[in-house]
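Good morning, and thank you for coming. Please look at the structure on the screen while I speak about its charged side chains and its strands.

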Amino acid sequence: MARARKTAEKMDLNHLQLHVRNLDHAQRFYESCFGFREHMRHANILFLRNTSGFELALRPERKPSPFPEWFHFGFRLESERAVRELHRRLSAEGVRVCDVEDYENYVTFRCKDPDGYNIEIYWC
């Protein structure tokens, strides 16, 4: 058990695969909104990578299976100000965003990507 704990401490979650209806549309969204860049393609899967090394694998599928309403993934930003600035920019670009929620040590909002996946943007 102690060995498993040591290994787990060294791990980072480093990628997420999403099934998308339109690969080009999803790529443009994640590049323009969240700073991802194309890293590589493997068969029909496009791997985008951000400056932190996180990879987003986009796989085309005509009818992606929906996630439960509660499911989301998130991006933590470096400051409350960065969260508010991204909210303003995404709103101006027509992205479906929820209002900013402001708590004592936590600022957050959610938006949806072109396939309806829930994304949380936050600082804490």
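There are 7 salt bridges in this structure, which is a predicted model. I shall take several of them in turn.

Let us begin with Glu55 and Arg49. These two residues form a salt bridge, and their closest N and O atoms are 2.2 Å apart. Is Glu55 buried or exposed? Glu55 has a relative accessible area of 16%, and since buried means under 20%, this residue counts as buried. Its partner Arg49 is partly exposed, at 33% relative accessibility.

The strands give the setting for this pair. Strand S3 covers residues 45-49 and pairs with S4 in the antiparallel sense, over 4 bridges. Within this pairing, Leu48 stands opposite Leu56 in S4. The hairpin of S3 and S4 has 5 residues between the strands, and there Gly53 takes a positive phi near 90°. Strand S4, residues 55-60, also runs parallel to strand S1, residues 15-20, and 6 bridges join the two. As an example, Gln17 has Ala57 in S4 as its bridge partner.

Next, please turn to helix H3, which spans residues 80-92. How far apart are Glu80 and Arg84 in this helix? They are 4 residues apart, so about one helical turn separates them. Their side chains meet in a salt bridge, at 3.2 Å from N to O. Glu80 is partly exposed, with a relative accessible area of 30%, and Arg84 is likewise partly exposed, at 24%. Together with Asp102, Glu80 and Arg84 are linked in a network of salt bridges.

A further salt bridge joins the side chains of Arg89 and Glu93, at 3.1 Å from N to O. Arg89 is partly exposed at 32% relative accessibility, and Glu93 is partly exposed with a relative accessible area of 43%.

I close with a charged residue that has no such partner. Glu31 lies in helix H2, residues 23-34. This residue is buried, yet it has no salt bridge. Why does Arg37, the nearest side chain of opposite charge, not count as a partner for Glu31? Arg37 is 4.6 Å away, and a salt bridge requires the nitrogen to be within 4 Å of the carboxyl oxygen, so the pair does not qualify. Leaving aside residues up to four places away in sequence, Glu31 touches Phe36, Arg37, Glu38 and Leu48. Leu48 is thus a residue we have already met, standing opposite Leu56 in S4.

How values were computed:
Residues numbered from 1 in each chain as written. Predicted model: local features only at pLDDT ≥ 70, side-chain atom pairs only at ≥ 80, totals over all residues. Heavy atoms only, no water. Pairing = 2+ DSSP bridges. Buried < 20%, exposed > 50% of the residue type's maximum accessible area, 1.4 Å probe, protein only. Lys, Arg positive; Asp, Glu negative; His and termini not counted. Contact = heavy atoms within 4.5 Å.
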